[in-house]
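Reader: Hello! I am new to this structure and would like a friendly tour of it. Could you take me through it by question and answer?

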Amino acid sequence: MDFQQLAHIAWLVPALPLFGALVIAALRNKLKGNTAGYLATAMTSIAFVIALLAFIAHKPAEQASALVHLFNWIDIPGMEVAMDLRIDALSLTMMLIVTGIGSLIHMYSIGYMHDDKRVNTFFAMLNLFSFAMLMLVMGGNFLVTFIGWEGVGLCSYMLIGFWYTVPAYNYAARKAFVMNRIGDLGFLIALVMIATQFGTLDYGAVMDKSSSVSMGSPWITAVTLLLFVGAIGKSAQLPLFTWLPDAMAGPTPVSALIHAATMVTAGIFLLVRSSALFALAPITMEVVLIVGLLTSVITATIGVFQNDIKKVLAYSTVSQLGLMFVALGLGAYSAAMFHVTTHAFFKALLFLGAGSVIHALGGEQDIRKMGGLKGITKTTYVTFLIGTLAIAGIPGFSGFFSKDAILMAAYQEHPLLYAATLGVSLLTCFYMFRLLFLTFFGTYRGKAHAHESPSVMTVPLMVLAVGSVVAGVLNLPHIFGGHETMKHYLETAAEGIYGEHLHLSVATEWMLMGLTVGLIALVIWYAHGRFVKKTTLDAEADELPYFKRLIARKWYIDELYTKLFEKPYGWLSTQLDAIMEKRIVDGAVNFTGSSTMRIGKLVRRVQTGNMSFYLLAMVVGIIGFLMLTLWGV
Amino acid sequence: MMLLTLALVLLPMLAGIALLVARPHAQAKSIALLTSVIGLGLAVALYAGYDATNGSVIAFQHDWAPAIGLRMVFGYDGISLLMVLLTAIVFPFIIGAGWKKPLSEPALVNGLILLTQSALFGVFLAQNAFLFYVFYELSLVPVFFLLLRWGGEGRRAITMKFFIYTVLGGLTLLFGLVYSYLQLPAPRNADFATLQKVVIAPDVQLWLFWVLFLGFAIKMPMFPLHSWQPDTYTMAPIQGTMILGGVMLKMGIYGVVRFVLPIVPAGVAHWRDVVIVLSLIGCLYAAWIAFRQNDLKRLVAWSSLSHVGLMCAALFAANTAGITGALYQTLAHAILVVALLYLVGGLHERLGTAQLDAMGGLKARMPRLAALFLLVMIGSVALPLTQGFVGEWLMFNGLFEVSPWWTFLGVISIILGAVYMLFAYQRSMLGEAHKAGDLADADEIDHWVLVPLIAATFILGVYPQPVLDLLQAPVEQLLTLIK
């Protein structure tokens, strides 16, 4: 089939997981054993095959994009929004990530969730998530993307709170949803502004019309900033990042799929999708850069002090997302997307590896109580090691290339920016090797009986490990004999990937690369010395000295938000009801009422206080009035 | 068409009267349900026979009291049809809400409900201002009886307050209508077609606006005229609250569209920002207060207040997107309120209370009911692909044309709405089960009521076009009248 034909059946890609979700949800009390898991995995796998065929058939030089019109969604004069899907380089890239890595995580979940009573519900939600995420990336206009945007938020909420009997998890779920909604406020207003300005929300049309907007106008700055607010919520950047670490309450496959590989990258996707608008807003680009950098530095420091295996990875995710925003802020769109792609592989791998460890230890998540697992869980160890090497940026692994692209772009902007991103990379390397050494090296410090996970879980690990190694090839830079394939491919997405011209000399590139690699090696050597032979447990956060405690307690940001927003919100709710409502609004009404009553004493005889009498009088009055007029004519 | 139109008004009226007179308590709910389902069939037939490009249709007219301009004119346009459909859709479910555990003397309850429905059909089908007024007032009478007889704690005092509010609003409306009518050149009548063309001096419109609007503002209610609402909604029997919140408040929206916008456009232009700001304050204020409510029914009352605030604001944006969005939302809101209140009623039946602090952990004991609650909640926070989102999206666009700040205020409600709904869901459904013991999970009847309502929410969220098409012609016509 050629590309056009495949585009016509592209609606199947989101429809299949939706179908799976509905079927499994409807039959959730009837399906036995692994049926739901197989069905859900089959749905995303078939979707992956279709996406892959479309990708192979896609010849950007002949046809850069295809718009698939399903039906008119909201159509009134002056506001036409169609249910459209857009198939181009950008959406195909994301579709492959979502369905490909998604399928592996579905498969892994069959093993991981095997003993859970509500495993069928779990797979229904996971498939529903896949549907929503695919709508997000395939949407032909902003509003269809928004369907997916809100849909993934809902699934994230349901899956974070999947084990609903634990109050802390429910709180985490609610927190995630509300913080995302704060971001959505920005997104939604931006959409209204775009619709009003251009009379359309279609990506192609908006990008065409954006050429009429003058560079840096207040309008474009406002719109892009508001879009970025949406991205901040979904991709967990400052100041809205605190929901993501808490989201680790969800089952580990959820953390891998939603809170590492796909949903949290939606913010980056959105900015790339609207790059034509952002290219016109230099102020916004600065803001994106600063927010990304601050987030990535702050959360990287927090990651160093976490003792929960998933929390380390969560802060690492936020930090890596921050790096992607740094790339976006520099206009290096393809570098950001490249890192999204490699990160999807190695972070999904790391989370699933962590899940395998947790599974092996019967639910233990504290790395201080692990150690020495490399002899017991061999596959998990080897794959986790590969993931760690990839994220740390060891030459040859995928993370090295994608991170290097960001570091180079940063250096080109300013050496200090390079220094900061390099610092983040070194911190990343440090906490990841700390995690690796404490978990798999040294001697076992826990009590549970450890065992390796079943192959339904280890096979996805192996596949992802291969991906984590080779994904760098996708965008191999020129100095390694590559052609930056991914960059050129993404440039064909009709809305354009603008302004990426790296013009560093080859010598500078080699020098910077050498510096990075050298420092990383030092960090690993240091971490090795510190953590491998560790026998004592780290102290609790509260026992640490002042500065370390500040970082270990996550800069007290959660406490700050509770004090500043959560508590006053509830307080005001109570006060509004008790004072404003009961005393002022109702008080005024009652005062009017009682004054009238006093006057009304004059006609006391009629006021029997009997409502039924009044009503009867009213009915009789109305009927009598009508009768009179009838006769009167 | 004539037969269908008259049957819509007469059928529930006659059935209602028959129930009140014969009092067949055992068969009452079946008779009422049958009547309301036939009513739904009639409404659908009316819709099927209507050509959306046609404008308004006069189905029946008869001189009644020409001396005062009162003519018996029934007819409809797309807006009327939407309201008729809305009424026809929710009433079977309102009657269904009394199926499992009927109130005492079911013949009277169902009779009164049918009488209300008849009057509401009258309100939405009347094409004469005074005829409208007659039905508008009549519709409240059975509701008052429902509140007085079957209401909860404090029903006398609360109903009295509601009654006073309503009478006040009704009287000013009557005065406003009579005044406007008298401005017409003789020979005159109060048919909509005639009355909408009345020319009123701009300075008169400044005060006439409030005279006409006050009653509708109370009915919705608009901040700060709402203080009857939370108490009344909480005290009323669940079916009464459904009628009030599901359908009757839409009379306020409908009234604004029929009278306020066309008769006093200069007044609207002058007071527009005041009304929008008050409405938006109400929208946020109510959502904020809803957060800490302990009574789930009261929380739904505040939530309704919040939603209607946004609708009223968008209506006064007085442009295509705003009016269409607000009208579309009336249907979404009706379905939502009935579904939410049904859940509240169901919980009350099972637990003997609707207090949230007496709940918690119910999902573990009633997983099906919790799942239904979750779906209704998704509609309440207006996620895309639910009806509510279509309405909100249009309303935000409508408000933006007036001022970006109004959109900003309106959009804040999507955060506050999520805050109180999710918190309520968590407090009632999630967590460890408080006590052991059996609670009946959602049964067949619960599914019969909730599944169609939820299905409608999603179907009209994915494909709202049939309803939007219904509104297009009359909204454009209304806008040309205003200009």
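Author: Gladly, and a definition comes first: two strands pair if DSSP finds at least two bridges between them. Helices (H or I, at least four residues) and strands (E, at least two) are DSSP runs, numbered from the N terminus. This is a predicted model, where local features need pLDDT of at least 70, side-chain atom pairs count only at pLDDT 80 or more, and totals for chains, interfaces and linings use all residues. Residues are numbered from 1 along each chain as its sequence is written, while chains are lettered from A and ligands numbered from 1 in the order in which they are written.

Reader: In strand 2 of chain A, which residue is the bridge partner of Phe71(A)?

Author: Strand 1 (residues 66-76) of chain A pairs with strand 2 of chain A in the antiparallel sense, over 9 bridges. At one of the pairs, Ala66(A) has Ile87(A) as its bridge partner. For Phe71(A), the partner in strand 2 of chain A is Met83(A).

Reader: Which residue takes a positive phi in the hairpin of strand 1 of chain A and strand 2 of chain A?

Author: The hairpin has 2 residues between the strands. A phi near 85° is found there, and the residue that takes it is Gly78(A).

Reader: How many residues of strand 2 (residues 79-87) of chain A are buried?

Author: A residue is buried if 20 or more other C-beta atoms lie within 10 Å of its own, exposed if 12 or fewer, and partly exposed in between, with C-beta atoms placed from the backbone. By that count strand 2 of chain A is mostly covered, and of its 9 residues the number buried is 8.

Reader: Why does Val523(A) count as buried?

Author: Val523(A) lies in helix 22 (residues 506-531) of chain A. Two residues are in contact if their C-beta atoms, placed from the backbone, lie within 7 Å. Leaving aside neighbours within four places in sequence, Val523(A) is in contact with Leu426(A), Cys429(A) and Phe430(A). Val523(A) counts as buried because its C-beta neighbours inside 10 Å number 21.

Reader: How far apart are the end C-alpha atoms of helix 9 (residues 202-219) of chain B?

Author: The expected span of a helix is 1.5 Å times one less than its number of residues. Helix 9 of chain B has 18 residues, so it should span 26 Å, and the distance between its end C-alpha atoms agrees: 26 Å.

Reader: On which residue is the kink in helix 9 of chain B centred?

Author: The bend at a residue is the angle between axes fitted to the seven residues ending there and the seven starting there. The buried residues of helix 9 of chain B pack against helix 7 (155-182), helix 11 (238-263) and helix 12 (265-290) of chain B. The kink is about 40°, and its centre is Phe213(B).

Reader: Which residue does the cis peptide bond from Phe223(B) lead to?

Author: Most residues other than glycine have a negative phi, and most peptide bonds are trans. The bond that starts at Phe223(B) is cis, with omega near 0°. The residue it leads to sits in the loop between helix 9 and helix 10 of chain B, and is Pro224(B).

Reader: Is Ala382(B) buried or exposed?

Author: Ala382(B) is in the loop between helix 16 (367-380) and helix 17 (387-402) of chain B. Its phi is positive, near 55°, in a residue other than glycine. With 26 C-beta neighbours inside 10 Å, Ala382(B) counts as buried.

Reader: How far apart do the C-alpha centres of domain 1 of chain B and domain 2 of chain B lie?

Author: Domain bounds come from an automatic or database domain assignment. Chain B is divided into domain 1 (1-163 + 233-254) and domain 2 (270-483). Between them, 28 residues of domain 1 of chain B are in contact with 33 residues of domain 2 of chain B. The C-alpha centres of these two domains are separated by 22 Å.

Reader: Which helix gives the most residues to the side of chain B that touches chain A?

Author: Here 60 residues of chain B are in contact with 50 residues of chain A. The greatest share on the chain B side, 11 residues, comes from residues 404-429, which form helix 18 of chain B.
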